[in-house]
Amino acid sequence: SEHVALREKAESELRRRGYGSREISIARQFSNADVSTRVGLVDVIAQSDQVDPRPWLLMLLDDPSRDVKLRAVSVLATMNDPSITQRLRMHLVEERDPTVAARIRRVLKLLR
């Protein structure tokens, strides 16, 4: 948030829930208005050995940017995890962007 008090309250709540500095930094970048920053965040999260990328990448499936969602789907497709496959199936039902939905369908066929 642009509002300092609101941002501090959100960060305090994340700390209360057990999030560390690294996770809070990631959460801050989620709200960045620059799409290229959020697309880059997908790769940063995927390559991190300090956080589990799966929950973060799944959250990015709800990003307003098609590019962010497409990159998140592509990275999730590389994970050999049945729970990710199931979450992609569930997300497909709700996905309104036909390009993103097509990418998810293609990924699900590859993961069979």
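These legends describe close-up views of a predicted model.

**View 1. Helix 1 and the residue just after it.** Helix 1 covers residues 4-16. It has 13 residues, and at 1.5 Å a residue they should span 18 Å. The end C-alpha atoms of helix 1 are 18 Å apart, so the expected and modelled spans agree. Just after helix 1 comes G18. This glycine takes a positive phi of about 95°.

**View 2. An aromatic pair of Y19 and W56.** The count of aromatic pairs comes to one. Its members are Y19 and W56. The ring centres lie 6.2 Å apart. The planes stand at 80° to each other. Planes over 60 degrees apart count as edge-to-face, and the pair of Y19 and W56 is therefore edge-to-face. Where do the two residues of the pair sit in the chain? Y19 is in the loop between helix 1 and helix 2, while W56 is in helix 4. They are 37 residues apart, and the pair links distant parts of the chain.

**View 3. Helix 2 against helix 4.** Helix 2 spans residues 21-30, and helix 4 spans residues 53-60. Their axes are 12 Å apart and make an angle of about 15°. Angles under 35 degrees count as roughly parallel, so helix 2 and helix 4 are roughly parallel to each other. Their crossing is right-handed. On the helix 2 side, the contact uses E23, I26, A27 and F30. On the helix 4 side, it uses W56, M59 and L60. By class, this contact has six nonpolar residues, one charged residue and no polar ones. W56 thus appears in this view and also in the aromatic pair with Y19.

**View 4. Helix 3 against helix 5.** Helix 3 (residues 35-47) and helix 5 (residues 66-76) have axes that come within 9 Å. The axes cross at roughly 15°. That angle makes helix 3 roughly parallel to helix 5. Helix 3 passes helix 5 in a right-handed crossing. Helix 3 brings V35, R38, V39, V42, D43 and A46 to the contact. Helix 5 brings D67, V68, R71, A72 and V75. Which classes make up the contact of helix 3 with helix 5? Seven of its residues are nonpolar, four are charged and none is polar.

**View 5. Helix 6 against helix 7.** Helix 6 runs over residues 82-94, and helix 7 over residues 98-110. Their axes come within 10 Å and cross at roughly 145°. The crossing of helix 6 and helix 7 is left-handed. From helix 6, the contact takes T85, L88, R89, H91 and L92. From helix 7, it takes A101, I104, R105, V107 and L108. Six of the contact residues are nonpolar, two are polar and two are charged.

Technical notes:
Residues are numbered from 1 along each chain as its sequence is written. This is a predicted model: local features need pLDDT of at least 70, side-chain atom pairs count only at pLDDT 80 or more; totals for chains, interfaces and linings use all residues. Side-chain values use heavy atoms; hydrogens and water are left out. Axes are lines fitted to C-alpha atoms, for helices over the stretch in contact, and angles run from 0 to 180 degrees between N-to-C directions. Helices (H or I, at least four residues) and strands (E, at least two) are DSSP runs, numbered from the N terminus. Angles under 35 degrees count as roughly parallel, over 145 as roughly antiparallel, 65 to 115 as roughly perpendicular and the rest as oblique. A crossing is left-handed if the near helix is turned anticlockwise from the far one by less than a right angle, and right-handed if clockwise. Contact means heavy atoms within 4.5 Å. Ala, Val, Leu, Ile, Met, Phe, Trp, Tyr, Cys and Pro count as nonpolar, Asp, Glu, Lys and Arg as charged, and the others, Gly among them, as polar. The expected span of a helix is 1.5 Å times one less than its number of residues. Rings of Phe, Tyr and Trp (its six-membered ring) pair if their centres lie within 6.5 Å; planes under 30 degrees apart count as stacked, over 60 as edge-to-face and the rest as tilted.
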